[in-house]
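Biologist: Please take a close look at the loops of this model, and then follow the chain from there into the strands beside them. I would like one connected account that a first-year student can check on the structure.

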Amino acid sequence: MGRQRSRSVTLSDVARLAGVSVATASKALNARAEVAPATRQRVLQAADELAFQPNVLARGLISGRTRTIGLLTDELGGRFSIPILLGAENALGNEQMSVLLCDARGDAIRRRHYIRALLARQVDGFIILGDSNDVRPSLTRDIPVPVVYVYGESSDPGDLSVLADDEGGARLAAEHLVALRRRRIAHITGPESYRAARDRFTGLCAVLAEHGLPLAGGRPWYGEWTQRWGRHAARTLLTTHPEVDAIFCGSDQIAAGVTHSVLALGRSVPDDVAIVGYDNWEVFAADCHPPLTTVDLNLEQLGATAVTHLFAALDGRLAPGVIRQPCRLVVRESTGPLPVRG
């Protein structure tokens, strides 16, 4: 039978065609666990056959929810914000939920205005997206619905924060270099004031200590998240410490600059110096020559994970604390085994 819709189809019509009660049809369409799989399938088939469209407004009035989430960010145009937002939006869309996005642009007054505006729209919950992995002041006391923080840890331990595991990502990079027989590993990274930079250095040091290796270069080379800093630091490092055979960089931007200087000094990549970046920022990592081995933060998954925990909070199952999502190592041509020289 083809689809029919000569009049407004109701939930009662779906229930009648599926041979179930209206209550059972409602539970099946809302994916409630107490409905048997065969029954749910029968209801879904009936709804499809009748081209049934649920009344979202009525469903919200009955459930007390609007199926809308407020997503508040401080840096919509940032490198990390967009992938996280895409992951969150996809996860919300899969559950037929809408998202209202507001960009506070780092302004406290604008942020308070958007919180009031979103609450006036009766959003079911909030996702607060930070502009870095650093600790940020909690906003939860001003928000009477569940809140999850992502890519930025709330200062309140009673909140739930979902972060990228920067220390774990650095361990992946360091273990990779050690497995390639690199024994003189240096570190060039961004500002020491950034928590991400400190955590990545901590992960590197842990692996070096486990293998009884010193940090080459005498110290971590803290600077800026720029190619210019990478070029300058690499020139100075390799001039004063020519024995360095690998450089773990705190970002792909830095790694691209490091690669430029290594080659300009007449050294080869990866034979003489293996290079690992961080972030898997395609414009730098994939387009570098040679392409960079790097650590991927899994940013879209980070956004989806935040949504999963917000759903749990909406069901009354919010677990406070910090969740650190694992990163992954993406191996490209900038790393390889240390050549055996005769």
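**Loops, and the strands they lead to**

Modeller: P270 lies in the loop that runs between α10 (252–264) and β11 (274–276). The model is a predicted one, and every value below is computed from it. The peptide bond that leads from V269 into P270 is cis, with omega near 15°. A second cis bond joins H289 to P290, and here omega is near 0°. P290 sits in the loop between α11 (282–285) and β12 (294–296).

Another loop, the one between β11 and α11, contains D279. D279 is not a glycine, yet it has a positive phi of about 115°. Is D279 buried or exposed? It counts as buried, because its relative accessibility is 7% and the cut-off for buried is under 20%.

R105 can be set beside it. R105 is not a glycine either, and its phi is positive, at about 55°. R105 belongs to the loop between β2 and α6 (108–120). With a relative accessibility of 59%, R105 counts as exposed, because exposed means over 50%. To place these loops in the whole chain, note the division into domain 1 (11–51), domain 2 (68–164 + 298–325) and domain 3 (166–297). Domain 2 is thus written as two stretches of sequence. The centres of domain 1 and domain 2, taken over C-alpha atoms, are 33 Å apart.

The loop with R105 starts from β2, so the next step is that strand. Strands β2, β1, β3, β5, β7 and β13 form, in that order, an open sheet of 6 strands with parallel pairing. Its edges are β2 (98–103) and β13 (321–325), each of which pairs on one side only. From one strand to the next, the twist averages 20°. In general, the strands of a sheet pair through backbone hydrogen bonds, and they do so either parallel or antiparallel.

The partner of β2 is β1, residues 68–73, and the two run parallel over 6 bridges. Within this pair, L72 is opposite C102 of β2. C102 has a relative accessible area of 10%, so it is buried. What of disulfides? The structure has 0 of them. C205, for example, is in no disulfide: the nearest cysteine sulfur belongs to C249 and is 15 Å away, whereas a disulfide needs two sulfur atoms within 2.5 Å. C205 counts as partly exposed, at 27% relative accessibility.

C249 appears again around another strand, β8, which spans residues 185–189 and holds H187. H187 is buried: its relative accessible area is 0%. What surrounds H187? Leaving aside residues up to four places away in sequence, H187 touches F201, L204, L215, R219, P220, W221, F248, C249 and G250. With F248 there is also a polar contact, since the side chain of H187 reaches the backbone oxygen of F248 at 2.7 Å, and the limit for such a contact is 3.5 Å.

To check this on the structure, begin at the cis bonds before P270 and P290. Then compare buried D279 with exposed R105, follow β2 to its partner β1, and finish at H187 in β8.

Terms used. Residues are numbered from 1 along each chain as its sequence is written. This is a predicted model: local features need pLDDT of at least 70, side-chain atom pairs count only at pLDDT 80 or more; totals for chains, interfaces and linings use all residues. Side-chain values use heavy atoms; hydrogens and water are left out. Domain bounds come from an automatic or database domain assignment. Helices (H or I, at least four residues) and strands (E, at least two) are DSSP runs, numbered from the N terminus. Buried means under 20% relative accessible area, exposed over 50%, partly exposed in between (1.4 Å probe, protein chains only). A polar contact is a pair of N or O atoms within 3.5 Å; within protein, one must be able to donate a hydrogen and the other to accept it, and residues adjacent in sequence count only if both atoms are side-chain atoms. Contact means heavy atoms within 4.5 Å. Two strands pair if DSSP finds at least two bridges between them. Axes are lines fitted to C-alpha atoms, for helices over the stretch in contact, and angles run from 0 to 180 degrees between N-to-C directions.
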